[in-house]
Amino acid sequence: MQANDARLLRGSAVPTAAVAIVAMIVGTLVAGSKGLIGAAFASVVVLVFFSLGQLAIGRITDGNPFMIMNMAMLTYLVQVGAVAILLFAFADATWFDTKVFAIVILAATLVWIAAQVRVFSKLKIAYVEPDGKR
């Protein structure tokens, strides 16, 4: 993993984890233990899905930097599809609050994306190949 990838992952995961903690507290206050479970489950889903996606993008584009946009779009599409499948699969679950789950997934996803945009805009990424091969 390149330094930029690690910085991007860390810069997105830390704010999302902070929002997850707040969401678990609010979920507990709003819906009790089921709200806590729903918020925790949603937080884990977002953190795992988007972290794995960032790791996959970093690994795939390491050898071919020209594939970064294609892989980023494909990874994002797969992540959104997987989250949608989870939302439909657990729509009738009774062991956690599904409304808290859905709201926390949305909030954590928005925070992840906003943090990723912020970190990416501050990275100094060379747009010219330093070794001059291409």
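Leaving out neighbours up to four places off in sequence, Q54 is in contact with D5, L8, L9 and Q116. Q54 belongs to helix α1 and is buried, at a relative accessible area of 5%. The model is predicted. The protein has three helices and zero strands, and the points below go from the whole chain to single residues.

**Overall layout**

- Followed along the sequence, the pattern of the protein is α-α-α.
- Along the principal axes, the C-alpha atoms fill a box of roughly 60 × 25 × 20 Å.
- Of contacts between residues at least 6 apart in sequence, 76% join residues that are at least 24 apart.

**Surface and charge**

- The protein has 134 residues, and 30% of them are buried.
- About 8,500 Å² of the protein is exposed, and 72% of that area comes from carbon and sulfur atoms.
- The protein carries 10 positive and 6 negative charges, and the mean positions of the two sets are 8 Å apart.

**The largest nonpolar core**

- The largest nonpolar core has 18 residues, and the members that touch the most others are V104 and I105.
- Two or more residues of this core come from each of α1 (3-63), α2 (68-89) and α3 (98-122).
- Helix α1 gives the most to the core, with eight residues.
- With neighbours within four places in sequence set aside, V104 has A23, A39, A42 and S43 as contacts.

**Aromatic residues**

- The structure contains nine aromatic pairs.
- One of these aromatic pairs joins F41 and F90, with 5.3 Å from centre to centre and 90° between the planes, an edge-to-face arrangement.
- This pair links distant parts of the chain, with F41 in helix α1 and F90 in the loop between α2 and α3, 49 residues apart.
- F41 is partly exposed, because its relative accessible area of 22% lies between the limits of 20% for buried and 50% for exposed.
- F90 is also partly exposed, with a relative accessible area of 22%.
- F41 and F90 belong to one aromatic cluster together with W95, F96 and F101.

**Two residues of helix α1: Q54 and L47**

- Is Q54 buried or exposed? Q54 is buried, because its relative accessible area of 5% is under the 20% limit.
- The contacts of Q54, counted without neighbours within four places in sequence, include Q116 and D5.
- L47 is another residue found in helix α1.
- L47 is partly exposed, with a relative accessible area of 22%.
- Not counting residues up to four places away in sequence, L47 touches A13, T16, A17 and W112.
- How far apart in space are L47 and F66, C-alpha to C-alpha? The two are 26 Å apart in space and 19 residues apart in sequence.

Technical notes
Residues numbered from 1 in each chain as written. Predicted model: local features only at pLDDT ≥ 70, side-chain atom pairs only at ≥ 80, totals over all residues. Heavy atoms only, no water. Core = buried A, V, L, I, M, F, W, Y, C linked by side-chain atoms within 4.5 Å. Buried < 20%, exposed > 50% of the residue type's maximum accessible area, 1.4 Å probe, protein only. Helix = DSSP H or I, 4+ residues; strand = E, 2+ residues; numbered from the N terminus. Contact = heavy atoms within 4.5 Å. Areas by Shrake-Rupley, 256 points an atom, 1.4 Å probe, with all protein chains shown as cover. Lys, Arg positive; Asp, Glu negative; His and termini not counted. Charge placed at Lys NZ, Arg CZ, Asp CG, Glu CD. Phe/Tyr/Trp six-rings, centres within 6.5 Å; stacked < 30°, edge-to-face > 60°.
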